[in-house]
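Work through the exercises below with the sequence and the coordinates at hand. Each task is followed by a solution in steps.

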Amino acid sequence: MTLSIRRFRPADRDAVDETVEAALRSADAYFEDVPALEDDDILAEYVDAGGEFLVGERDGEIVATGAFRPPTGVVTEFVEPAGAAELKRMHVHPDHHREGIGQAMYDELERRARERGSERFVLSTTGRQTPAHAFYEANGFERVGATTAEVEGTTLDILVFEKSFD
């Protein structure tokens with residue numbers, strides 16, 4: 001089963017939302033009344049902004065997502081945005097964990113970010129997503145900050161990571 005990685009298309013939206021929701025539920029990071037993807041227009045939010053939004057497919061089924069864009073929001077409180085790309089939406093459907101899909105998606109995202117002139121990745125993730133922390137650290141990311149956010153009456157730890165492409 002070969003993984004095919006390609007740019008998101010609008011017709012992918014439902015499958016992308018389902019993959020993201022399954023991944024977040026698996027990580028105990030899904031909140032029922034908060035949309036899995038807040039983005040109204042994925043292509044405008046990522047691609048038109050100078051980034052990328054990719055999907056990973058196996059046998060015609062979307063099994064992973066990953067994106068980057070210019071940094072916004074909480075990461076800009078901890079890192080210099082110039083030269084950085086913010087890694088976003090890294091999700092693998094739990095039925096496909098431990099198959100190397102996340103690494104393949106990450107490698108392709110980093111390759112494309114470098115092509116666009118980015119010098120490093122920055123990202124934020126919740127404190128609940130410990131497998132994600134291990135994944136990012138294994139890929140050379142270092143934790144550079146932390147804060148909290150209120151989501152549906154729950155206080156979440158938000159961790160900020162950064163990796164230089166040197």
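Two strands pair if DSSP finds at least two bridges between them. Helices (H or I, at least four residues) and strands (E, at least two) are DSSP runs, numbered from the N terminus. The model is predicted, with local features needing pLDDT of at least 70, side-chain atom pairs counting only at pLDDT 80 or more, and totals for chains, interfaces and linings using all residues. Residues are numbered from 1 along each chain as its sequence is written, and side-chain values use heavy atoms, with hydrogens and water left out.

**Exercise 1. The sheet**

Determine the strand order of the open sheet and name its edge strands.

Solution.
- Step 1: the open sheet has seven strands in the order 1-2-3-4-5-7-6, and the pairing is mixed.
- Step 2: strand 1 (4-7) and strand 6 (142-151) each pair on one side only, which makes them the edge strands.
- Step 3: on average, neighbouring strands of this sheet are turned by 25° against each other, direction ignored. Axes here are lines fitted to C-alpha atoms, for helices over the stretch in contact, and angles run from 0 to 180 degrees between N-to-C directions.

**Exercise 2. Pairing across the sheet**

For the pairs 1/2, 3/4, 4/5 and 5/7, give the sense of pairing and the number of bridges.

Solution.
- Step 1: strand 1 and strand 2 (residues 52-58) are antiparallel, with four bridges; Arg7 has Leu54 of strand 2 as its bridge partner.
- Step 2: strand 3 and strand 4 are also antiparallel, over five bridges, and Phe68 is opposite Leu87 of strand 4.
- Step 3: strand 4 and strand 5 run parallel and are joined by three bridges. Glu86 has its bridge partner, Val122, in strand 5.
- Step 4: strand 5 and strand 7 pair in the antiparallel sense over seven bridges, with Leu123 bridged to Phe161 in strand 7.

**Exercise 3. Helix 3 and its crossover**

Compare the span of helix 3 with the expected value, then state the handedness of the unit to which the helix belongs.

Solution.
- Step 1: the expected span is 1.5 Å times one less than the number of residues in the helix.
- Step 2: helix 3 (residues 101-115) has 15 residues and spans 21 Å from first to last C-alpha, close to the expected 21 Å.
- Step 3: Gly117, just after helix 3, has a positive phi of about 95°.
- Step 4: strand 4, helix 3 and strand 5 form a right-handed β-α-β unit. A crossover is right-handed if, with the strands pointing away from the viewer, the path from the first strand over the helix to the second runs clockwise.

**Exercise 4. Burial and the core**

Which residues of the largest nonpolar core touch the most other members, and which element supplies its largest share?

Solution.
- Step 1: buried means under 20% relative accessible area, exposed over 50%, partly exposed in between (1.4 Å probe, protein chains only). A nonpolar core is a set of buried Ala, Val, Leu, Ile, Met, Phe, Trp, Tyr and Cys residues joined through side-chain atoms within 4.5 Å.
- Step 2: the largest core has 20 residues, of which Leu87, Met90, Leu109, Phe121 and Phe141 touch the most other members.
- Step 3: at least two core residues come from each of strand 3, strand 4, helix 3, strand 5 and strand 7, and helix 3 gives the largest share, five residues.
- Step 4: contact means heavy atoms within 4.5 Å. Not counting residues up to four places away in sequence, Leu109 touches Leu54, Gly66, Ala67, Phe68, Leu87, Met90 and Phe121.
- Step 5: strand 4 is mostly covered, with nine of its nine residues buried, and in strand 5 six of seven residues are buried.

**Exercise 5. Lys163**

Is Lys163 buried or exposed, and which residues are in contact with Lys163?

Solution.
- Step 1: Lys163 is part of strand 7.
- Step 2: Lys163 counts as buried because its relative accessibility is 13%.
- Step 3: leaving aside neighbours within four places in sequence, Lys163 is in contact with Tyr106, Glu110, Arg120, Phe121, Asn139, Gly140 and Phe141.
- Step 4: the C-alpha atoms of Lys163 and Leu109 are separated by 13 Å, with the two residues 54 apart along the chain.
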